[in-house]
Amino acid sequence: MLLTISTTHYPATDLGYLLHKNPANVNSFNLSFGKAYLLYTEVSSERCTAALLLDVDQVGLVRGRSDNARGTLAQYVNDRAYVASSFLSVAIAQVLGSGMNGRSRERQELADTEIPLEATVHVIPCSGGADLLRALFEPLGYRVETEAIPLD
């Protein structure tokens, strides 16, 4: 699962102050379902992009659970590690929670400033399609762009 957050606010590297994560570091976080990484894929004064990458432990999710069909591969083979789900919500709360509270010890004036942000969730299942996504997010002021990915 992958979430990217970008800004073109000048200097864009201020995104590190907002997220409470240094753009020069690769941060890793242990979660109950795997590991999360926060790294910056683009860092300049004109544009900065932070990426939250989840590595879901498929085997760890299945081990020790008595409700799964024993001995079948079906319990291991699924899309849980690749599409955005509640795992991403948990990772956002745990990894970016300090940045979401709207406070900054070093730069509170920056936290109080409205800046342009672009968030992209890569691969999200939506049985209602693009129309449902637009109906959910556009009334809140978000611009929604979708691209269908063909199945094999």
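Leaving aside its neighbours within four places in sequence, leucine 96 is in contact with Ile5, Leu19, Leu38, Leu52 and Ala91. This report starts from that residue and works outwards through a structure that is a predicted model.

**The nonpolar core**

Leucine 96 belongs to the largest nonpolar core, which has 21 residues, and Leu15, Leu52, Leu54 and Leu96 are the members that touch the most other members. At least two residues of this core come from each of strand 1, helix 1 (15-19), strand 3, strand 4 and helix 3. In soluble globular proteins, nonpolar side chains tend to be buried together. For the protein as a whole, 30% of the 152 residues count as buried.

**The chain and its sheet**

The protein contains five helices and five strands, and along the sequence these elements follow the pattern β-α-β-β-β-α-α-α-β-α. How are the five strands ordered in the sheet? They form an open sheet in the order 2-3-4-1-5, with antiparallel pairing. Strand 2 (27-31) and strand 5 (117-122) stand at the edges, and because each has a single partner strand, one side of each is left without a neighbour in the sheet. On average, neighbouring strands of this sheet are turned by 15° against each other, when direction is ignored.

Helix 3 (residues 86-100) packs on this sheet, where it touches strand 1 (2-7), strand 2, strand 3, strand 4 (48-56) and strand 5. The direction of helix 3 makes about 125° with that of strand 4. At one edge of the sheet, strand 2 pairs with strand 3 (residues 34-43) in the antiparallel sense, over five bridges, and asparagine 27 has leucine 38 of strand 3 as its bridge partner. Leucine 38 is also among the residues in contact with leucine 96, and in this way the description of the sheet leads back to the residue with which the report began.

Contacts can also be considered by how far apart their residues lie in the sequence. Among contacts between residues at least 6 apart in sequence, 62% join residues at least 24 apart.

**Charged pairs and the surface**

The protein exposes about 10000 Å², and carbon and sulfur atoms supply 53% of that area. Side chains of opposite charge can pair when their charged atoms come close. The structure holds six salt bridges, and the table gives three of them.

| Arginine | Glutamate | N to O distance |
|---|---|---|
| Arginine 47 | Glutamate 42 | 3.2 Å |
| Arginine 107 | Glutamate 109 | 3.2 Å |
| Arginine 134 | Glutamate 138 | 3.9 Å |

Are the residues of these pairs buried or exposed, taking arginine 47 as the starting point? Arginine 47 has a relative accessible area of 25% and is partly exposed, because a residue counts as buried under 20%, as exposed over 50%, and as partly exposed in between. The partner of arginine 47, glutamate 42, also counts as partly exposed, at 32% relative accessibility. In the pair of arginine 134 and glutamate 138, arginine 134 is partly exposed at 29% relative accessibility, and glutamate 138 is partly exposed with a relative accessible area of 37%.

Arginine 107, which is partly exposed with a relative accessible area of 23%, takes part in a wider arrangement, since a network of salt bridges links Asp14, Arg107 and Glu109.

Notes
Residues numbered from 1 in each chain as written. Predicted model: local features only at pLDDT ≥ 70, side-chain atom pairs only at ≥ 80, totals over all residues. Heavy atoms only, no water. Pairing = 2+ DSSP bridges. Helix = DSSP H or I, 4+ residues; strand = E, 2+ residues; numbered from the N terminus. Axes fitted to C-alpha atoms, helices over the stretch in contact; angles between N-to-C directions. Contact = heavy atoms within 4.5 Å. Core = buried A, V, L, I, M, F, W, Y, C linked by side-chain atoms within 4.5 Å. Buried < 20%, exposed > 50% of the residue type's maximum accessible area, 1.4 Å probe, protein only. Areas by Shrake-Rupley, 256 points an atom, 1.4 Å probe, with all protein chains shown as cover. Salt bridge = Lys/Arg side-chain N within 4 Å of Asp/Glu carboxyl O.
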